[in-house]
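Please open the structure in your viewer and keep the selection tool at hand. The tour proceeds by selecting one part after another.

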Amino acid sequence: MKAMVQVLLILLGVVLAYAGTGLPEFGDPHSPASQHVSNHYIEHAYHDSHTPNIVTVMIADYRSFDTFGETVVVFTAGMACLFILRGLRRRDEEGDPVDHA
Amino acid sequence: MITRKDSVILDVVTRIMVPFIQIFAFYVIFHGHYSPGGGFQGGALLAGSVLLQRIVLGRDRSLPGFPVKWGVPFGVIGVLLFFGTGLLAQVMGGNFLQYDALPFPMDEVWLRNTGILLVEIGVAFAVMGTLIAIFDELSGAGEEA
């Protein structure tokens, strides 16, 4: 079983390495990622919002739905931490045996 | 519970550093239009300035500056500021988060600029409140609050 997993992992690595040879060059202007919306962003970012930092325009304007989701995720994760920690402490105080592992 | 460490050096350095950290945090937030930075980074710096006081100055002298019970409300205010900006644009006839529909007396381009700023401030508040709330909970400062 263990040997089979290792063989599978090696096979997967070979497949990934082979697929990696087909990736576009870093910064290649003809790659699909550089031909779709990014040209529009680079050309229009400043005129759309008077903001020289294209990254800011992208995350807060063109992709603001994403950023809203990120903010909610940060907040929700924090709240989940609070609830878990408070729950653990309450059970400690009540003397329940809690598995802290 | 975190208590005060009796070290003059830490004490003085902290009290000197905290205003500069906070100024730099606001610079990162408000200068995000022109340089790397923005709400997430600025919020983390703001939280860092409060956590530094929590650790070095101790409970008694850091709680008046930022009480434990403010952490979660700050997070809520941040998320609501972001959401409110989007909703305001939608109520005024645009799409959700379509900043050029915001009802401020500016031309469309500056409205988008302002919308980005409002959103970044919301993100900063949310990150700051959440980080401080988690730290207070872990350090036990919230036990009596």
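**First stop: helix α1 of chain A**

Select helix α1(A), which is hardly covered: the count of buried residues among its 19 residues is zero. The model is predicted, and within chain A its confidence is highest in this helix, residues 2-20, at a mean of 95. From first C-alpha to last, α1(A) reaches 27 Å, close to the 27 Å expected at 1.5 Å a residue.

**Second stop: chain A as a whole**

Now select the whole of chain A. Its secondary structure consists of four helices and zero strands, and the order from the N terminus on is α-α-α-α. The radius of gyration of chain A is 24 Å, whereas the globule rule gives 13 Å for 101 residues; the chain is therefore more spread out than a compact globule. Along the principal axes, the C-alpha trace of chain A spans about 65 × 50 × 15 Å. Of its 101 residues, 17% count as buried.

Colour chain A by domain next. Domain 1 covers residues 29-62 and domain 2 covers residues 65-94. The centres of these two domains of chain A, taken over C-alpha atoms, are separated by 34 Å.

For confidence, chain A averages a pLDDT of 86, and 93% of the residues score at least 70. The lowest mean among its elements belongs to α2(A), at 87.

**Third stop: helix α2 of chain A and the residue after it**

Select residues 38-49 of chain A, which form helix α2; its twelve residues should span 16 Å at 1.5 Å a residue, and the end C-alpha atoms are indeed 16 Å apart. Move on to His50(A), just after α2(A). This residue lies in the loop between α2 and α3 of chain A. Although His50(A) is not a glycine, it has a positive phi of about 55 degrees. Is His50(A) buried or partly exposed? It is partly exposed, because 16 other C-beta atoms lie within 10 Å, and a buried residue needs 20 or more.

**Fourth stop: helix α4 of chain A**

Select residues 64-94 of chain A. This is helix α4, whose 31 residues should span 45 Å at 1.5 Å a residue; the distance between its end C-alpha atoms is 45 Å, which agrees. Which residues of α4(A) are buried? They are Ser64(A), Thr67(A), Phe68(A), Thr71(A), Val74(A), Phe75(A), Gly78(A) and Leu82(A). Show their surroundings as well: the buried residues of α4(A) pack against α3 (54-62) of chain A together with α4 and α5 of chain B.

**Fifth stop: where the chains meet**

Display both chains together. In the model, 22 residues of chain A are in contact with 28 residues of chain B. On the side of chain B that touches chain A, α4 (71-91) and α5 (108-139) each supply at least two residues. The largest share of that side, 16 residues, comes from α5(B). By residue type, the side of chain B that touches chain A divides into 15 nonpolar, ten polar and three charged residues. The model as a whole scores ipTM 0.84 and pTM 0.83.

**Sixth stop: chain B**

Hide chain A and keep chain B. Its secondary structure comes to five helices and zero strands, and its C-alpha atoms fill a box of roughly 55 × 30 × 20 Å along the principal axes. Of the 145 residues of chain B, 41% count as buried. Among the contacts in chain B with a separation of 6 or more, 69% join residues 24 or more positions apart.

The mean pLDDT of chain B is 88, with 93% of its residues at 70 or more. Colour the elements by confidence: helix α3(B), residues 59-62, has the lowest mean at 79, and α4(B) has the highest at 93.

**Last stop: two residues of chain B**

Select Leu97(B), which lies in the loop between α4 and α5 of chain B. It has a positive phi of about 65 degrees although it is not a glycine. Leu97(B) is buried, because 23 other C-beta atoms lie within 10 Å.

Finally, select Gly140(B), in the segment after α5 of chain B. Gly140(B) counts as partly exposed, with 13 C-beta neighbours inside 10 Å. To end the tour, draw a line from its C-alpha atom to that of Ile21(B): the two residues are 119 residues apart along the chain, and these atoms are separated by 25 Å.

How values were computed: Residues numbered from 1 in each chain as written. Chains lettered and ligands numbered in written order. Predicted model: local features only at pLDDT ≥ 70, side-chain atom pairs only at ≥ 80, totals over all residues. Rg over C-alpha atoms; globule rule 2.2 N^0.38 Å. Buried ≥ 20, exposed ≤ 12 C-beta atoms within 10 Å, placed from the backbone. Expected span 1.5 Å × (residues − 1). Domains from an automatic or database assignment. Contact = placed C-beta atoms within 7 Å. Nonpolar A, V, L, I, M, F, W, Y, C, P; charged D, E, K, R; others polar. pLDDT = per-residue confidence, 0-100.
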